[in-house]
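User: Could you take a close look at one pocket for me, the second largest one? I'd like to know what lines it and what sort of model it sits in.

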Amino acid sequence: MRRRDLLACSASAALACVALAVGGGAHATPAGAATPRTGLSLIALSARRDDDGVVLNYDVLIDLSDDLKDALERGISVVFVVDAAVFRRRWYWTDRALGRAVRRWRLAYQPLTRQWRLSIGAFTRQYASLDEALDALRRSPRWRVADRPRGDADDHYVEFRFRLDTDELPRPLQIGLGGRANWNLELERQVDLSD
């Protein structure tokens, strides 16, 4: 084979690898077959007001697709974002935002050590399995999201959002993710504030 043929062959092999990483047929299900349930589902969500401010408790079940697990095992890190915003209801205008808190969890697999690394800001922790790492990020028992608001608790609510940030993925993986529901993980809920 000539050099030009070898380069063309290696370029097509690289495109095939990208297609497999994005899920182009490696895990395709036949027509009529039931697809496995993946995504995010809410187990518990509550917001209350105490002396520290507005405290949010959440528990989310994270069920990753095979494509996403395969990408993680190949060393591609993913970012989960948890966002909570406190609002005060107003009948005469749009609701007023009182505070917002955001957490960004980066999950990555280290093939050399066979450890899962979960980072939030400058803090990093190692886990032996993917399930242990997901268990650490899926719940928060007392997350302070805002200062204590004045007035009745009934006049306030919290908008909660838990999602996979696909903008943080490597650029080749972002191509074609718009129609892939098993990569677009997002959960949004609203909960009233209680005392």
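Analyst: Here's a walk through that pocket, followed by the protein around it. Keep in mind that this is a predicted model.

The second largest pocket comes out at a volume of about 200 Å³. Going along the sequence, its lining starts with Arg 88, Arg 96 and Leu 98. Then there's a run made of Ala 146, Asp 147, Arg 148, Pro 149 and Arg 150, and His 156 finishes the list. Sorted by type, the lining has five charged residues, three nonpolar ones and one polar. The charged ones are Arg 88, Arg 96, Asp 147, Arg 148 and Arg 150, while Leu 98, Ala 146 and Pro 149 make up the nonpolar share. That leaves His 156 as the polar one.

Now for the surroundings. The protein has four helices and nine strands, and from the N terminus on they run α-β-β-α-β-β-β-β-α-β-β-α-β. Of the contacts between residues at least 6 apart in sequence, 66% join residues at least 24 apart. Buried residues account for 37% of the 195 residues. On the outside, the protein exposes about 11900 Å², with carbon and sulfur atoms supplying 50% of that.

How far does the predictor's confidence go? The mean pLDDT is 79, and 74% of the residues reach 70 or more. Residues 1-36 are another story: the pLDDT there is below 50, and beyond near neighbours in sequence this stretch has 17 contacts in the model.

Terms used. Residues numbered from 1 in each chain as written. Predicted model: local features only at pLDDT ≥ 70, side-chain atom pairs only at ≥ 80, totals over all residues. Heavy atoms only, no water. 1 Å grid on protein atoms, 1.4 Å probe; cavity = no way out; pocket = protein on both sides within 12 Å on 5 of 7 lines; lining within 4 Å. Points joined across faces, edges and corners; volume = space filled by probe spheres on them. Helix = DSSP H or I, 4+ residues; strand = E, 2+ residues; numbered from the N terminus. Buried < 20%, exposed > 50% of the residue type's maximum accessible area, 1.4 Å probe, protein only. Contact = heavy atoms within 4.5 Å. Areas by Shrake-Rupley, 256 points an atom, 1.4 Å probe, with all protein chains shown as cover. pLDDT = per-residue confidence, 0-100.
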